[in-house]
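Visitor: I would like to learn how to read a model like this one. Could you take me through it step by step?

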Amino acid sequence: KITDTVINKQFSNNVNRQKNCDIANVNKQIVANEKYLNAIEIISSTIGLSSLDAELEKTAKMKKEFFEDTLSELAERLGVTKSCLNHRLRKLVQIAEELK
């Protein structure tokens, strides 16, 4: 009976840990997504997306259109690596910061 209780408790703890990690990851994704979309909006409303180089413009338009995509999904749509996409998104944020 004690062994069953210990096993059930360990199982419950593992499920709770996994759930907490999943929630934290989703929250991080939401914050990052808002940051990227805000940057794209700032660029769009000030200098326009067409003033960006072709790769950044395409990235911004795709991010705006497919805002719910994960980095992996969006990178696949663009035909680039996740690392390349992450670099482009950081560049968009940097441009938006300079425009503020």
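**Reading the model**

Guide: Gladly! Let us begin with the surface: the protein exposes about 7200 Å² of accessible area, and carbon and sulfur atoms account for 53% of that. Do keep in mind that this is a predicted model.

Visitor: Which secondary structure elements does the protein have, and in what order do they run?

Guide: One reads the elements from the N terminus, and here they run α-α-α-α. That comes to four helices and zero strands. The radius of gyration is 20 Å, well over the 13 Å that the globule rule gives for 100 residues, so the protein is more spread out than a compact globule. Along its principal axes, the C-alpha trace spans about 70 × 30 × 20 Å.

Visitor: What share of the 100 residues is buried?

Guide: Buried means under 20% relative accessible area. By that cut-off, buried residues make up 25% of the 100 residues.

Visitor: Which residues of helix α3 are buried?

Guide: Helix α3 covers residues 71-78, and its buried residues are Leu-74, Ala-75 and Leu-78. Looking down the axis of α3, you find them within an arc of 100°, so they line one face of the helix.

Visitor: What covers the buried residues of α3?

Guide: The cover includes α2 (54-65) and α4 (82-99). Just after α3 comes Gly-79, with a positive phi near 75°.

Visitor: And how far apart are the mean positions of the positive and negative charges?

Guide: For the 16 positive and 14 negative charges of the protein, the mean positions are 7 Å apart.

Definitions and conventions: Residues are numbered from 1 along each chain as its sequence is written. This is a predicted model: local features need pLDDT of at least 70, side-chain atom pairs count only at pLDDT 80 or more; totals for chains, interfaces and linings use all residues. Side-chain values use heavy atoms; hydrogens and water are left out. Helices (H or I, at least four residues) and strands (E, at least two) are DSSP runs, numbered from the N terminus. The radius of gyration is taken over C-alpha atoms; the globule rule is 2.2 Å times the number of residues to the power 0.38. Buried means under 20% relative accessible area, exposed over 50%, partly exposed in between (1.4 Å probe, protein chains only). Accessible areas come from the Shrake-Rupley method with a 1.4 Å probe; for residues, only the protein chains shown count as cover. Lys and Arg count as positive and Asp and Glu as negative; His and the chain ends are not counted. The place of a charge is taken as NZ of Lys, CZ of Arg, CG of Asp or CD of Glu. The arc is that of the directions from the helix axis to the C-beta atoms. Contact means heavy atoms within 4.5 Å.
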